[in-house]
Amino acid sequence: MRNITLSQAVNEALAEEMRRDESVFIIGEDVAEAGTPFKVLSGLVEEFGTERVVDTPIAEPGFMGLAVGAAMTGARPVVDLMFGDFIFLIMDQLCNQAAKTHYMSGGKLNVPLVLRTNLGATRRSAAQHSQSLHALVAHIPGLKVALPSSAYEAKGLMKTAIRDNNPVVIFEDKLMYNDKAPVPEDEFLIPFGEANIKREGHDITLIGTSSMVQVCEKAAEILEQEGISAEVIDPRTIVPLDEKTLIESAKKTSRVIVVDEGHQSFGITGEIAGRINEKAFYHLDAPVLRMGAMDVPVPFSPALEDITVPTPEAVAANARLLMSGEMIHAA
Amino acid sequence: MTNTNAEDYLRMYRQMVRIRTFEDNANQLYLSAKMPGLTHMYSGEEAVAVGICEALRTTDKITSTHRGHGHCVAKGADFKEMFCELLGKEEGYCRGKGGSMHIADQSNGNLGANAIVGGSMGIATGAAFTSKLLGKDDVAVCFFGDGATAQGLMYEVMNMAALWKLPVIYACENNGYSEYTRTDEIAAGSITARAEAFGMEAFQIDGQDVLAVNELSQRLIARCRKGEGPFFIELMTYRYHGHHVGDINREYYRSKAEEKDWRENRDPITRFRSWLVEEGIASEEEIEAMNAEIKTDAAAAVEYALAAKYPDASEVDMHVFTDVEHALA
């Protein structure tokens, strides 16, 4: 199987879906000739023209609102939001309009829209270009949320998202655009709500999302050298969430750490930990640990920024604590 | 005068009376505590919705506002499903999940009322975008009030609509009040000049004159279909009731004399009725018979809706997603 970058994978997914369905179009800032600042969309405007790869003014609420209306009337927009941080600008159109239209209309109106944006710190971009805000979106009923962790997921989840008749938000890890992974040349889709067991283990479960899947895999390698067998699971979508696979693993290993790059408080890690507590409590040998980004705005200085995000070493250290039983005494 | 025109005029009259009658009944449902929540009366503004919607086809799209019953009726909705929706009943247009402020009727091209002031401006613009993208000649009309002209979204989407020549008409119903505040206290300069700044043709028109509204709308809609849009219309109108049905004592923001003047001297239905009689299109008796028939229809629809059943509790987690029957199952 060939290796391609995450960026190429997204590009391929969009091109394939646009060839398959004429109602699919891309809209956002600098998506056409510029191909976005990350060059993810390079070449698409040459194939599909400016009618379907639409450069907008810098007006996020405007083009998001336009996309909601387009989706309600028979088109399938893929909205390009240059940075995940800009999601605060479009909250009304995303959460009050797109998310609720199908429900408020009693099932009569659909909003088949994809919002593709990104997450991830440590790019030295400071507090307004580095946030991981997927928990905000996942909190709102009516929105699906996908978090690809490699080029393979980025392609398969994007294709599924475009074919979905609901609003879907995809957060790509902006540090991973140039990372290569094996991606089949033949067409494939990844269904939503199916977690991927990246690595089997029996002592402890590490649940990682997006950028944190690699962190968990590296932590598992460290732990293996110490004789600790870690299972690594990537939920791939957090709405819908494959609770069954997560609970089964928790019951099997009896110890769980949930790692996500969103802020730790009121975030994805707390939600997943809560569900494991509710459904696997009597199988646990230790409290479920949450590891998110530090509850501070993302700082600019590398000396500070790097300590705000979970690292493989920190995950491994917490895993050792859980294995030793120390966390129980701490509680 | 041709028969076709006469039919068109009588249908316009009928639709205006249907809106007024619907609102009178909705107000009574509120006052008698039979309706959950609040509602916002369209009474007084009928010529705006009817003048515009009578120039549209079923496949043309509209977006509506919190004061949306008029648009819904004018675009072709039935009383029964509308009253059922207002009362939260299963047979309502949205199965009782939307209510007065979210009533939508996709079968007639009504993409829904919106409880966020200005919230549907992107949606209407997007409907026009789809029309152009898919090579159709459908037009979208965005209804909104003077209050919504203070929202930034409007300027963002008007900019894009003008850049891309989208078939959309921005219809600003200027009823003089942004909730409980006079419009001249919230709107600097001219509202039409704001649209003109984007190179858009903008018109200000008497919103109490249904024929004038309809004539202008027909002209602009035809031009939109030929790719000459977008356009902006400011329709000068008045709401007879308060901001919502519970806004009874409103002398602190507008006088009773002003309300009386609009009702007695500029009412769109009275004016149009006089014209129909003067032109010999309908007799007083025919008009009274039409009014009575509409009253009976509305009463029957209210009775039906009051007796209709509420949605089953199992519907609470339905329609969250299109592909999952029960989101929480």
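**Exercise 1. Assess the overall form of chain A from its radius of gyration.**

Solution. For 331 residues, a compact globule would have a radius of gyration near 20 Å, and chain A agrees, with 20 Å. The radius is taken over C-alpha atoms, and the globule rule is 2.2 Å times the number of residues to the power 0.38. Along the principal axes, the C-alpha atoms of chain A fill a box of roughly 60 × 40 × 40 Å. The model is predicted: local features need pLDDT of at least 70, side-chain atom pairs count only at pLDDT 80 or more, and totals for chains, interfaces and linings use all residues. Residues are numbered from 1 along each chain as its sequence is written, while chains are lettered from A and ligands numbered from 1 in the order in which they are written.

Next, chain A contains 12 helices and 14 strands (DSSP runs numbered from the N terminus: H or I of at least four residues for helices, E of at least two for strands). Of its 331 residues, 56% count as buried (20 or more other C-beta atoms within 10 Å of the residue's own; exposed means 12 or fewer, partly exposed in between, with C-beta atoms placed from the backbone).

**Exercise 2. Determine how H3(A) and H4(A) pack.**

Solution. Helix H3 (residues 60–72) and helix H4 (residues 91–104) of chain A have axes 9 Å apart, at an angle of about 10°. Axes are lines fitted to C-alpha atoms, for helices over the stretch in contact, and angles run from 0 to 180 degrees between N-to-C directions. H3(A) is therefore roughly parallel to H4(A) (angles under 35 degrees). H3(A) contributes A:Pro61, A:Met64, A:Gly65, A:Val68 and A:Met72 to the contact, and residues of H4(A) include A:Leu94 and A:Ala98 (contact means C-beta atoms, placed from the backbone, within 7 Å). By class, six residues of this contact are nonpolar, four polar and one charged (nonpolar: Ala, Val, Leu, Ile, Met, Phe, Trp, Tyr, Cys and Pro; charged: Asp, Glu, Lys and Arg; polar: the others, Gly among them).

**Exercise 3. Describe the side of chain B that touches chain A.**

Solution. In total, 34 residues of chain B are in contact with 37 residues of chain A. Helices H5 (121–133) and H6 (152–163) of chain B each supply at least two residues of this side. H5(B) gives the most, with 10 residues. The division by class is 17 nonpolar, 12 polar and five charged.

**Exercise 4. Is B:Arg20 buried or exposed?**

Solution. B:Arg20 is found in helix H1 (residues 3–31) of chain B. Because B:Arg20 has 24 C-beta neighbours inside 10 Å, B:Arg20 counts as buried. Not counting residues up to four places away in sequence, B:Arg20 touches B:Ser43, B:Glu46 and B:Ile269.

Conventions. Angles under 35 degrees count as roughly parallel, over 145 as roughly antiparallel, 65 to 115 as roughly perpendicular and the rest as oblique. Two residues are in contact if their C-beta atoms, placed from the backbone, lie within 7 Å.
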